[in-house]
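Here is a short report on a few selected positions. Please look at the sequence and the model first.

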Amino acid sequence: VSAASGGSNCGTAGYEASISTVTLSPLQPIKGQPATLNATGTLNAAITGGAATLTVQLEGVNLFTHPANTCGVTTINFPL
């Protein structure tokens with residue numbers, strides 16, 4: 001994950017996917033307005049389904065956790 005995002009990739013070399021960059025648009029979300037989070041990376045094997053978990057942290061404190069579908073769009077209504 002890019003240093004500018006402040007994120008981290010918790011996967012290991014044996015994982016089937018590795019996230020390399022995460023972008024947020026707009027960079028400073030506005031309450032009540034849509035924001036888009038995109039993650040890009042590398043697949044080491046074909047993936048036809050599965051689950052992921054998005055965790056938002058601030059200074060090491062968990063603010064929000066949400067399950068996501070790895071093969072499709074996931075809509076999350078953050079508690080902003």
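## Exposure classes

A residue is called buried under 20% relative accessible area and exposed over 50%; partly exposed covers what lies in between. The model is predicted.

## A17 and strand 1

A17 belongs to strand 1, which covers residues 17–25. Its relative accessible area is 36%, so A17 is partly exposed. That value falls between the cut-offs of 20% and 50%.

Which residues does A17 touch, not counting those up to four places away in sequence? They are T42, L43, N44 and I47. N44 also gives a C-alpha distance: 5.9 Å separates its C-alpha atom from that of A17. Along the chain, A17 and N44 are 27 residues apart.

## G32 in the loop

G32 sits in the loop between strand 1 and strand 2, the latter spanning 36–43. Is G32 buried or exposed? G32 counts as exposed, because its relative accessibility is 74%, and the cut-off for exposed is over 50%.

The C-alpha atoms of G32 and N77 are separated by 9.8 Å. In sequence, G32 and N77 are 45 residues apart.

## L37 and a nonpolar patch

L37 is placed in strand 2. With a relative accessible area of 45%, L37 is partly exposed. L37 also helps to make a nonpolar surface patch. The other members are L24 and L27. The patch has an area of about 300 Å².

L37 can be part of such a patch because its 45% is over the 30% relative accessible area that patch residues need.

Note on methods. Residues numbered from 1 in each chain as written. Predicted model: local features only at pLDDT ≥ 70, side-chain atom pairs only at ≥ 80, totals over all residues. Heavy atoms only, no water. Helix = DSSP H or I, 4+ residues; strand = E, 2+ residues; numbered from the N terminus. Buried < 20%, exposed > 50% of the residue type's maximum accessible area, 1.4 Å probe, protein only. Contact = heavy atoms within 4.5 Å. Patch = residues over 30% accessible without salt bridge, like charges linked within 9 Å, V, L, I, M, F, W, Y side chains within 5 Å. Areas by Shrake-Rupley, 256 points an atom, 1.4 Å probe, with all protein chains shown as cover. Salt bridge = Lys/Arg side-chain N within 4 Å of Asp/Glu carboxyl O.
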